[in-house]
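Visitor: I would like to go through this structure and ask what stands behind the labels.
Guide: Go ahead, and ask for the reasoning as we go.

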Amino acid sequence: MKLSFMTFVCPSWSIERIVRFARKAGYDGVEIRVDAGHKHGVSSKSSKEERRRVRRLFESEGVEVSSIATSVQFSFPDPEKRRENIEAAKLNIELAGDLGAKVVRIFAGRNVEELTDEVAGYVAEAFTEVGEYAKDYGVCPLLETLHDIVRSADDALKVLRRVETSNFGILWNHSEIDQRSFNLLKDHIRHFHVHEEVLDPENKNVLHLARMMKTVNFDGYVSLEIIRGEDLPEDLLIETGERLKRYIEEGFRG
């Protein structure tokens with residue numbers, strides 16, 4: 001299990017500052033949030049030359065791109081809107097491949113009220129197409145859970161059972177996971193988002209998470225997604241990173 005932060009914790013930083021800070025603070029990776037106005041400047045519109053430059057920057061500092069976090073949504077009832085989002089997903093998969101990221105975050109979205117069987121069917125169909133496309137880039141598309149209409153492990157499973165590609169994964173959007181949810185999704189979880197709760201020095205959710213994920217030899221990322229609309233203090237990110245790394249090491253050692 002590795003540790004990263006999403007660029008929501010430092011929306012005004014340049015990509016150079018982000019990567020160098022990640023290395024200095026001991027983070028294994030950075031999750032790049034695209035299309036959110038962050039100043040890092042990386043997106044599916046980045047030129048091939050810029051992508052090569054950014055990848056070299058990460059590699060020179062020994063830091064990985066842990067994920068590309070998109071705004072893509074697949075729950076639009078309108079087939080044309082879904083097609084637009086499928087094509088946007090493919091562009092971000094190409095970006096991830098160029099930067100060496102192994103996963104891309106995608107939403108179901110809030111475009112309908114409930115995850116009905118019909119909605120789960122066309123969300124899964126979109127993931128099937130995108131997952132097959134992503135194989136050539138060494139990238140796995142992930143469905144974010146505990147968000148919008150995917151509110152539980154059961155909702156995630158409703159989509160998962162309809163996806164017709166092996167190249168599909170789950171992003172668990174919290175630092176806690178109960179035993180039942182873990183049992184349902186453990187073979188498919190590829191990434192975690194953790195939030196404000198882990199800033200509390202008394203919070204040991206990541207330690208418990210590491211102990212649980214050790215049982216399935218999880219080698220993906222736990223990533224800080226803390227959205228305040230401003231940069232977090234560097235000393236807070238350093239202290240949090242050091243503490244969470246200790247929890248991960250203890251959880252996988254114990």
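**Strands, salt bridges and contacts**

Guide: In this predicted model, strand β1 and strand β8 (residues 221-224) pair in the parallel sense over 4 bridges.

Visitor: What makes β1 and β8 count as paired strands?
Guide: Pairing needs at least two bridges, and β1 and β8 have 4. One of the bridge partners is Ser 223 in β8, which goes with Ser 4.

Visitor: Which sense do β1 and strand β2 (residues 29-33) run in, and how many bridges join them?
Guide: β1 and β2 run parallel, joined by 3 bridges. In this pairing Met 6 stands opposite Glu 31 of β2. Between the two strands the chain passes through helix α1 (residues 15-25), and this β-α-β crossover is right-handed.

Visitor: Why is strand β1 (residues 2-6) called largely enclosed?
Guide: Because 4 of its 5 residues are buried, β1 is largely enclosed by the rest of the structure. Buried here means under 20% relative accessible area.

Visitor: How many salt bridges does a search of the whole structure find?
Guide: The search finds 25 salt bridges.

Visitor: What makes the contact between the side chains of Arg 83 and Glu 129 a salt bridge?
Guide: The N to O distance is 2.8 Å, and the cut-off is 4 Å, so the pair qualifies. Arg 83 lies in helix α3 (residues 79-99) and Glu 129 in helix α4 (residues 117-134), so this salt bridge ties together parts 46 residues apart in sequence.

Visitor: Why are Arg 83 and Glu 129 called partly exposed?
Guide: Partly exposed covers values between 20% and 50%. Arg 83 has 36% relative accessibility and Glu 129 has 27%, so both fall in that range.

Visitor: Which residue of helix α3 does Glu 129 of helix α4 also pair with?
Guide: Glu 129 forms a salt bridge with Lys 90, with the closest N and O atoms 2.8 Å apart. Lys 90 lies in α3 and Glu 129 in α4, so the pair ties together parts that are 39 residues apart in sequence. Lys 90 is at 13% relative accessibility and therefore counts as buried, the limit being under 20%. Arg 83, Glu 87, Lys 90 and Glu 129 are linked in a network of salt bridges.

Visitor: How do you know that Asp 117 and Arg 162 form a salt bridge?
Guide: Their side chains meet at 3.2 Å, N to O, and the limit is 4 Å. Asp 117 is in α4 and Arg 162 in the loop between α5 (153-160) and β6 (169-172), so the pair ties together parts that are 45 residues apart in sequence. Arg 162 is partly exposed, with a relative accessible area of 32%.

Visitor: Is Arg 190 in strand β7 (residues 189-194) buried or partly exposed?
Guide: At 35% relative accessibility, Arg 190 counts as partly exposed. Leaving aside neighbours within four places in sequence, its contacts include Lys 102, Cys 140, Ile 170 and Phe 218.

Visitor: Why is Phe 218 called buried?
Guide: Its relative accessibility is 6%, and buried means under 20%, so the label follows. Phe 218 is in the loop between α7 (205-214) and β8. Not counting residues up to four places away in sequence, Phe 218 touches Met 1, Ile 189, Arg 190, His 191, Phe 192, Met 213 and Phe 252.

Conventions
Residues numbered from 1 in each chain as written. Predicted model: local features only at pLDDT ≥ 70, side-chain atom pairs only at ≥ 80, totals over all residues. Heavy atoms only, no water. Buried < 20%, exposed > 50% of the residue type's maximum accessible area, 1.4 Å probe, protein only. Right-handed = clockwise from strand over helix to strand, strands pointing away. Contact = heavy atoms within 4.5 Å.
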